[in-house]
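Here are my notes on the model you sent round. I've kept them short, so read them with the structure open.

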There are 2 protein chains.
Amino acid sequence: MREIKKQELPVLAIDLGGTKIITALISNKGQVLTKEYHLTLADEGPQSVINRILFAIDHLLSLSNIDPSQLDSISIAAAGAIDFDKGLITSSPNLPGWNDIPLRDIVKGKYRINTLLINDANAAALGEHHFGAGKGVNNLILLTLGTGIGGGIIINGRLYSGQCGSAGEIGHTTIDVNGPRCSCSNIGCLEVLASGRAVAKEAVRRIRQGERSSLTEIVEGNIENITAEKVSIAAQSGDSLASEVIMKAAFYLGVGMVNLVNIFNPEMIIIGGGMAKMGDLLLNPARQVVRERAFQLSAGAVRIVPAQLGDNAGVLGAAVFAFQQEMD
Amino acid sequence: MREIKKQELPVLAIDLGGTKIITALISNKGQVLTKEYHLTLADEGPQSVINRILFAIDHLLSLSNIDPSQLDSISIAAAGAIDFDKGLITSSPNLPGWNDIPLRDIVKGKYRINTLLINDANAAALGEHHFGAGKGVNNLILLTLGTGIGGGIIINGRLYSGQCGSAGEIGHTTIDVNGPRCSCSNIGCLEVLASGRAVAKEAVRRIRQGERSSLTEIVEGNIENITAEKVSIAAQSGDSLASEVIMKAAFYLGVGMVNLVNIFNPEMIIIGGGMAKMGDLLLNPARQVVRERAFQLSAGAVRIVPAQLGDNAGVLGAAVFAFQQEMD
């Protein structure tokens, strides 16, 4: 019987988001062997969420009938700013109370195997680069348009994570210096203008000002239940307020991408996250802004495409990250 | 007598700017063996400038008493957007009429040796990385604050030049989506808000509106002769209008650097170009904006420093670029 090499063992990958925790067992070929969802219940605070993460790991191990020694490693993609060296989530707009939480060492302490922590959008960039829309593309930027906006940068085929592991915060770049304050405390960030939260907020604002929209019926009068997804549905049914709100977000997304195109001259920009489901309704007007405003050579060189891996991107990317660390 | 290896020959490096052409002979140790200045006289149009470049090369060769076969290569850093593969200057705000000019092949055709073309700020980044403020720093961004604003990106110790060689146009990223139109046709770019041209223009605008400033005496009433350098001199002599104009540019520079810090989490940002001579007068308020607005971990990790090589950065970087191409 030949010896099983360490690299042939699967990675237990976790995608810790503001809404759900995904756990998955990923083979070194990028196959998702097992996958489960749990609610994050972020409002209950860090200790409660950490307990749920540990439970989720236990559950996946028991479901797969393996123990930690049969894993290559545990790799966690988390929705927040990461201090890679220290293994901390330093802050997170979507995980209230997560300030300098040593999640890597908490998990490592319990399972006693190599554990890694990476930003979720960075992980998604790695995932899409290896298995999705960015296969074979050396220089690409991924934007996750969800409640917030995350980013990941692949340069020369490798994740670029910066000096401390916190590169890629493209959602938190100012494009309107006189704009609204962002949750990160910076001003006029792409996130506060073009995220799912921004879309919902703008629709609510306009309806509260007395404008008419089919969204009011869709949420049965509970305006605060409007989400970006519902705005998208309304726009596709011909609602003009909803369409205008999405066009406005698409314009800001386009301006943000002009900046990326002029800075990176990338081969590809991949748009993931919940809002990517809007497809060309969102992407076409944003592409138009890039064509009109970015340097012509760079604008002509970039393909702006939707992500392909859906909510597998984070766990797949976390697994790639773990396998790559070992090769270095 | 031992054979002289090709890499031991010097590079003839050229820095083609909107105002002057610098030619220099650079050894593979980064020594500037000979150096000359010529006026660009950009307004005379491309053919006239090309003739002056060829004359400048001839003159340097004759001064150094060598012929082209004794060169490693000719490497040109130019103030414009570059198509690296085709060796074109595709456009340039500071070289009127330079659209798709095949400068690389024109020079190569005459001297029949390996010739390279690189953006001037990209070259300056390479120069500062190898011989200046960024020695030993793996991840850095250089901004040249001159008449315009250029940028260069060093990642993992190498120049990142993107898909077509046109990465690094950081001066042409929107930070004020409702701001003035930039010479690149994009809106509210860093360049149109924080460059030398922007500083001079803002001072002129305010004085024309009737505000008082010692600048009026400095230029003997010829308001249109106000330059960023003169604004800096006036500010250092206590002129409050001049100080306010510089503070405003410093604020926008800070906002631009917040974006770079959040995107790149770099170890260093180097500020070069004519405006860098303002030193802490410009840099301190800009650093303050970074501390207040960027992600804390990344803001704490970055050093924002002035460039060290002065106007040698371009020719030194062009030489590094040539030597590196051969090693690949």
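The points below go through a sheet, a helix pair, the chain contact and a few loop residues.

1. First, a caveat: this is a predicted model. Please read everything below with that in mind.

2. I'd start with the sheet in chain B. It is an open sheet of 5 strands with mixed pairing, and the order is β3-β2-β1-β4-β7 (chain B). At the edges stand β3 (32-39) and β7 of chain B, each with a single partner strand, so one side of each has no neighbour in the sheet. Ignoring direction, neighbouring strands here are turned by 15 degrees against each other on average.

3. Where does the mixed pairing show up? Strand β1 (residues 11-16) of chain B is the place to look. On one side, 6 bridges join β1(B) to strand β2 (residues 20-26) of chain B, and these two run antiparallel. There are also 6 bridges between β1(B) and β4(B), but that pair runs parallel. A13(B) is a handy residue to click on: it stands opposite A24(B) in β2(B), and opposite S75(B) in β4(B). As a reminder, strands of a sheet pair through backbone hydrogen bonds, either parallel or antiparallel.

4. Moving along, β4(B) is joined to strand β7 (residues 115-119) of chain B by 5 bridges, and the two run parallel. If you want to check the register, I74(B) has T115(B) as its bridge partner in β7(B), while I76(B) has L117(B).

5. Is strand β4 (residues 73-78) of chain B enclosed or open to the outside? All the evidence is in the neighbour counts: 6 of its 6 residues are buried, so the strand is largely enclosed by the rest of the structure. The cover is on both faces, with S73(B), S75(B) and A77(B) buried on one side and I74(B), I76(B) and A78(B) buried on the other.

6. The edge strand deserves a second look. Although β7(B) has a single partner strand in the sheet, 5 of its 5 residues are buried, so β7(B) is largely enclosed by the rest of the structure. Both of its faces are covered too: T115(B), L117(B) and N119(B) are buried on one side, L116(B) and I118(B) on the other. Helix α3 (residues 120-131) of chain B lies across β1, β4 and β7 of chain B, and runs at about 95 degrees to β7(B).

7. Over in chain A, have a look at how helix α7 (residues 228-236) packs against helix α8 (residues 240-264). Their axes are 7 Å apart and the angle is about 120 degrees, which makes α7(A) oblique to α8(A). The crossing of α7(A) past α8(A) is left-handed. From α7(A) the contact uses V231(A), S232(A), A234(A) and A235(A), and from α8(A) it uses A242(A), S243(A), V245(A) and I246(A). By class, these contact residues are 6 nonpolar, 2 polar and no charged.

8. On the contact between the chains, 38 residues come from chain B and 38 residues from chain A. On the chain B side, β5 (81-83), α8 (240-264) and α10 (296-301) each supply at least two residues. The largest share of that side, 6 residues, comes from α8(B). The side of chain B that touches chain A has 17 nonpolar, 16 polar and 5 charged residues.

9. Two backbone spots in chain A are worth flagging. Most residues other than glycine have a negative phi. D100(A) has a positive phi, near 55 degrees, and N265(A) has one near 40 degrees. D100(A) sits in the loop between β6 (88-91) and α2 (103-111) of chain A, whereas N265(A) is in the loop between α8 and β11 (268-272) of chain A. Which of them is buried, and which exposed? D100(A) is exposed because it has 11 other C-beta atoms within 10 Å, while N265(A), with 27 other C-beta atoms within 10 Å, is buried.

10. Last, a loop residue in chain B. G221(B) is located in the loop between α6 (215-218) and α7 (228-236) of chain B. It counts as exposed because it has 8 C-beta neighbours inside 10 Å. V245(B) is 24 residues away along the chain, and its C-alpha atom is separated from that of G221(B) by 19 Å.

Notes:
Residues are numbered from 1 along each chain as its sequence is written. Chains are lettered from A and ligands numbered from 1 in the order in which they are written. This is a predicted model: local features need pLDDT of at least 70, side-chain atom pairs count only at pLDDT 80 or more; totals for chains, interfaces and linings use all residues. Helices (H or I, at least four residues) and strands (E, at least two) are DSSP runs, numbered from the N terminus. A residue is buried if 20 or more other C-beta atoms lie within 10 Å of its own, exposed if 12 or fewer, and partly exposed in between; C-beta atoms are placed from the backbone. Axes are lines fitted to C-alpha atoms, for helices over the stretch in contact, and angles run from 0 to 180 degrees between N-to-C directions. Angles under 35 degrees count as roughly parallel, over 145 as roughly antiparallel, 65 to 115 as roughly perpendicular and the rest as oblique. A crossing is left-handed if the near helix is turned anticlockwise from the far one by less than a right angle, and right-handed if clockwise. Two residues are in contact if their C-beta atoms, placed from the backbone, lie within 7 Å. Ala, Val, Leu, Ile, Met, Phe, Trp, Tyr, Cys and Pro count as nonpolar, Asp, Glu, Lys and Arg as charged, and the others, Gly among them, as polar. Two strands pair if DSSP finds at least two bridges between them.
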